[in-house]
Each structure stands twice: as C-alpha cells, then as structure tokens.
Amino acid sequence: MVTQLVTDERAFAALAPQWARLYDRCATATPFQSHAWLLSWWRSYGSGGRLRLVLVRDGRELVAAAPLTLVRRPVPALVPLGGAISDYGDVLLDDERGQDAVTALTDGLAAAARTALIDLREVRPGAAAERVYERWRGPRRRVADSLCLELPAVPMDELVARLPSAKARQRARAQLRRLDALGVKSRPVLPDEADAALRRLLELHRLQWQGRKVTGEHLRARFREHLVRSVGPMVRAGDAVVTEFRMDDEVVAVDVTLLSRQLAGGYLYGAHPRLRERRADVAVMLLEACAEHARLPGRGTLSLLRGDEPYKHHWRPAPAVNQRLLLATRRTAPLLAAALCDVAARRRGKELLRRRARRKERDGDDGT
C-alpha cells in the first residue's frame, strides 16, 4: 500500500469517484465524510495552503483517507475538514482491507504530523478513527467532546410508544392528529428541485428565528453557498433528502435530513411562524418525517445530532458522547500537553458560566 499527501484543491475535486467508492465500503462513515460535503466545506471555509489529505492506495484503488486541514491555534494541529458545522468527524477505512489499511493510514498520519498535533474532533462512538487511535504508537489521549442523542430507527408509532407516560403518548398522538387536521403534507423534493428548496429553507430559518437568539453562521452567505452546493449532489447520491411541508398549498417548512448506511439525522430546518400560530408541533412534524427516512435495512439509528436541548429528551433518546482523539509523536508531545491544558481551561470557563447563570436564576438577578 502507498501513502500520499494531497494539498491541492483540484486534486481533491478529482478524487470524487474514488472517494465515493471508499465511502460506500466504510460502514461507519457518516454523511459528514462524503466527498460532496467535505469539498464544499473546504471551498467555503478552507484556508489556502492548509489542505492536508492523507490517502492510502492499494494499486490504484483508494482504501483509506483522512481529510484534514492545518490550523495554528491554540496549537499547530491537523483537524478534520468540516469544522464546527459538521456533527461528526472521522477518517475513512475500507472495511474489506482490514488491519493493513489501518496500519498504512496510521503511519501516513504520523508522517504528516511531524510538527503538528493530530486532533480528531467529534468522533462518534465506533467510528473508524478509533481503529487508528488503537494502532497509534506515540503519546495519545481521548477526551469527551459533544453530546449527541440517538433514537432507534423505528416508525413514528413506535417512537410514541417509547414515551414515559400515557399522558405523554396521548399528547403526541393528538399533535399528529392536529397536523393532519391542518392539512400539513410532506414530500421529498426531486434532485433538480433541491437547490431552490434549500434556499427556501434558509429563508424560513431566518424568519423563524427573527428577533431571537440564533446560530449566526446559518445566516451567512458562506454557509448558504456550502449547503446548496453540497446537499444537491448528496440528494442525487442518496446521502441526503430534502423534505418540503405544505399547508394550504404553500411551503411552510423545509428540512434537510442526512443519510448514511447506519443512521439518519435531521440536520437543519426552516419553518414559517404560521405553523406555531396554528398550534402545529414542528418538532413532532420533523421527527415523523425523519423516522420515515431512517427506516432502511441496516440503518439502525435516528440521530438527533449534537445538542442537549430539553425537547429532545422528551423522546427518551440514548446519549452518545462524541470523542476527541489527540495523537502526537515524541516530537509533538508538548503540543498534546498544551492542548489538554486548553481543554481543561475551557471546561472550567464553561462551568463558571453555568454556575453564574444558576446563581442569577436563583437570586432573580437580571444582570443589570
């Protein structure tokens, strides 16, 4: 097997067919490792001269890949492409090549990281990157990253049956009947309709959050360009589905659900305030649609992706904590120590903010 380091965007773009075959042969891959998502992210968020793709070939066939970019802060590190807008980071390993591909990719990463830490963020439990971590010979550390919540990939009536009380189940069924009474209908859009539907989604997303705290990145032009550029090809490849919801023959909501062999996850939606004014439960509406997309053979997980929002816990999901895998060589061991200090400092800062918020709530302090 031959290891290669690619740093050129045009070469990355040309990898699409080979990348797709490798992606299909890696059972644990998530949609955030698809070529369309990663290349589009690079074009919106990448910095010139910092692309680092560690590739492994067996003959001409791509059998392993680590899509990375170089960052300088807080320490020099190679981090996954996809950044903060991707819920899972990982490498790709051909399941048919076994330990040989793992060894070759691990050695390639060690060679690429002579002066930088390998910092694999948001690694889902059971991901391919864990096999690299186990094979790594140098200093390494595993720390908890973001919390994701997961449900089984079952029909909506079985999700309702999971609710903890008869009253909760009755309320959920009433919400589903309310959607029917309002005439809310959903349909997956066709591939050639995806771009227009995604732009409509972002318009509705901006409208639904108007005057409230919102993730600012979702309102920026670079995110819009990334979403439209990536999700259209993913719809055509079967890695995403865009769903429109209509009421009175008007599009009142649009949702993007990302798909892989093992999971389906609702990534982003936009909903017109009129839905809530009509007392429609948008969360139930979206979950019902996502549950339908999750019901493919072998797809066992309906992921609620990152976040610990209270409405998610209503459905009794199982916690799945992403991991941060830090890999160093003897030369870069000081960078590992510095990164761990940064992790600890950030955790202390977050805990202090939580304590302050609880104290304000307890004392009735409005902070003025």
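Me: What do the side chains of R274 and E250 meet in?
Reply: They meet in a salt bridge, 3.0 Å from N to O. A salt bridge here is a side-chain nitrogen of Lys or Arg within 4 Å of a carboxyl oxygen of Asp or Glu.

Me: Where do R274 and E250 sit in the chain?
Reply: R274 is in helix α10 (residues 273-277) and E250 is in strand β10 (residues 250-259). The pair links distant parts of the chain, 24 residues apart. Helices (H or I, at least four residues) and strands (E, at least two) are DSSP runs, numbered from the N terminus.

Me: Is this a predicted model, and what are the ground rules?
Reply: This is a predicted model, where local features need pLDDT of at least 70, side-chain atom pairs count only at pLDDT 80 or more, and totals for chains, interfaces and linings use all residues. Residues are numbered from 1 along each chain as its sequence is written, and side-chain values use heavy atoms, with hydrogens and water left out.

Me: Back to E250. Buried, partly exposed or exposed?
Reply: E250 is partly exposed, at 31% relative accessibility. R274 is also partly exposed, at 26%. Buried means under 20% relative accessible area, exposed means over 50%, and partly exposed is in between (1.4 Å probe, protein chains only).

Me: How many salt bridges does the count come to?
Reply: The count comes to 27 salt bridges. One of them joins R97 and D94, with the closest N and O atoms 3.4 Å apart. R97 is partly exposed at 26%, whereas D94 is buried at 0%.

Me: Which residues are linked with R97 in a network?
Reply: R21, R25, D58, E61 and D94 are linked with R97 in a network of salt bridges.

Me: What about R142?
Reply: R142 forms a salt bridge with E134, the closest N and O atoms being 3.4 Å apart. R142 is partly exposed at 32%, and E134 is exposed at 52%. R142 also lies over the face of Y133, at 4.6 Å from the ring centre. For that, NZ of Lys or CZ of Arg must be within 6 Å of the ring centre and within 35 degrees of the ring normal.

Me: New topic: rings. How many aromatic pairs?
Reply: There are 6 aromatic pairs. Rings of Phe, Tyr and Trp (its six-membered ring) pair if their centres lie within 6.5 Å; planes under 30 degrees apart are stacked, over 60 edge-to-face, and the rest tilted. F32 and W37 have ring centres 5.2 Å apart and planes at 85 degrees, so this pair is edge-to-face. F32 is buried at 2%, and W37 is buried at 0%.

Me: And how do F32 and Y88 sit?
Reply: Their ring centres are 6.2 Å apart and their planes are at 70 degrees, so they are edge-to-face. F32 is in the loop between α2 (16-24) and α3 (35-45), and Y88 is in the loop between β4 (77-80) and β5 (92-93), 56 residues apart.

Me: Which residues do ring pairs link into a cluster?
Reply: F32, W37, Y88 and Y267. R124 lies over the face of Y88, at 5.8 Å from the ring centre.

Me: Last one: which element gives the most to the lining of the second largest pocket?
Reply: α13 gives the most, with 7 residues. The whole lining has 3 nonpolar, 1 polar and 8 charged residues. Ala, Val, Leu, Ile, Met, Phe, Trp, Tyr, Cys and Pro count as nonpolar, Asp, Glu, Lys and Arg as charged, and the others, Gly among them, as polar. A pocket is an open set of points on a 1 Å grid over the protein atoms alone, where a 1.4 Å probe fits, with protein on both sides within 12 Å along at least five of seven lines; lining residues have an atom within 4 Å of a point.
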